[in-house]
Amino acid sequence: MRPTLPPFVDWPAFPFEGELRIKPLQVPVDAEPPRRGDRQEQCAACHTPDSAYLWSNERWRLKSPPAPSGLPVVVILEPRAHLDLGDLSTMHAAELGVLTVRLERAIRSLESVAQVHVNRWGDGTAHLQQWFLARPHGYLQLRGPFMTMWDEILPPVEEHEWQMNLEYIAAWLTDD
């Protein structure tokens, strides 16, 4: 008997159509594998210079992927210290909240942006990365949890527009 597809495959935002099959669920492992950078000395973020970031202060840094993708803005906020979400001090947690709101406002103020999705996935790296993904204005089909898929499906934003958006966001954060 084939498993029934979940209802979200009928949502307008779901990026695929046609015959779909559910992959079989793999048997659970006894021990979780280590994440990238579990040990600070192996952490890429800890060894990346500030010059590779769009913006930084004494405790936080903001970067973007190395090239444009299908969304007008994708940026990643990281603590300077080797911390994951549950490791943040009260001060870092408070700053994360303030920076999240500032970044959301900065990104949403771009004319080409309708909404901003804020995400954290904890399986890839041990160093906290909070992602900000901008949904382009008018593209209602990109709403919701599938926007990361659409980001990889859509043609990349023009380099000039992408650079201008990133410079604008960095200036917004610099301007207290």
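The side chain of Arg80 reaches the side chain of Asp50 in a polar contact of 3.0 Å, and that is a friendly place to start looking around. The model you have in front of you is predicted. The protein has 176 residues, of which 38% count as buried. Its secondary structure amounts to three helices and five strands.

**Overall layout**

- Starting at the N terminus, the elements follow the order β-β-β-α-β-β-α-α.
- The C-alpha trace covers about 55 × 45 × 25 Å along its principal axes.
- Take the contacts between residues at least 6 apart in sequence: 62% of them join residues at least 24 apart.

**Around Arg80**

- To find Arg80, look in the loop that runs between strand S3 (74-79) and H1.
- Is Arg80 buried, exposed or partly exposed? With a relative accessibility of 29%, Arg80 counts as partly exposed.
- Besides the side-chain contact with Asp50, a polar atom of the Arg80 side chain lies 2.7 Å from the backbone oxygen of Asn57.
- Setting aside neighbours within four places in sequence, the residues in contact with Arg80 are Asp50, Ser56, Asn57, Glu58, Arg59, Trp60, Arg61 and His127.
- Arg80 and Ala67 are 13 residues apart along the chain, and their C-alpha atoms are separated by 22 Å.

**His92 in helix H1**

- His92 sits in helix H1, which covers residues 90-108.
- The relative accessibility of His92 is 10%, so this residue counts as buried.
- A polar contact of 3.0 Å links the side chain of His92 to the side chain of Ser89.
- Apart from neighbours within four places in sequence, His92 is in contact with Arg59, Trp60 and Leu83.
- Arg59 and Trp60 appear in the contacts of His92, and Arg59 and Trp60 are also among the contacts of Arg80.

**The cysteines**

- How many disulfides does the model contain? The count is zero.
- Why do Cys43 and Cys46 not form one? The closest cysteine sulfur to that of Cys43 belongs to Cys46 and is 3.6 Å away, which is too far for a bond, because a disulfide needs the two sulfur atoms within 2.5 Å.
- Seen from the other side, Cys46 is in no disulfide, and its nearest cysteine sulfur is that of Cys43.
- Cys43 is buried, at 1% relative accessible area, whereas Cys46 counts as partly exposed, at 24%.

**The largest pocket**

- The largest pocket has a volume of about 190 Å³.
- Which residues line the largest pocket? They are Gly70, Pro72, Ser112, Pro136, Tyr139, Leu142, Leu154, Pro155, Pro156, Val157 and Glu161.
- Sorted by class, this lining has eight nonpolar, two polar and one charged residues.

**Pro145 in a loop**

- Pro145 belongs to the loop between strand S5 (130-136) and helix H2 (147-153).
- Pro145 is exposed, and its relative accessible area is 60%.
- Measuring from C-alpha to C-alpha, Pro145 and Leu54 are 26 Å apart in space, and they are 91 residues apart in sequence.

How values were computed:
Residues numbered from 1 in each chain as written. Predicted model: local features only at pLDDT ≥ 70, side-chain atom pairs only at ≥ 80, totals over all residues. Heavy atoms only, no water. 1 Å grid on protein atoms, 1.4 Å probe; cavity = no way out; pocket = protein on both sides within 12 Å on 5 of 7 lines; lining within 4 Å. Points joined across faces, edges and corners; volume = space filled by probe spheres on them. Nonpolar A, V, L, I, M, F, W, Y, C, P; charged D, E, K, R; others polar. Buried < 20%, exposed > 50% of the residue type's maximum accessible area, 1.4 Å probe, protein only. Helix = DSSP H or I, 4+ residues; strand = E, 2+ residues; numbered from the N terminus. Polar contact = N/O pair within 3.5 Å; in protein donor to acceptor, adjacent residues only side chain to side chain. Contact = heavy atoms within 4.5 Å.
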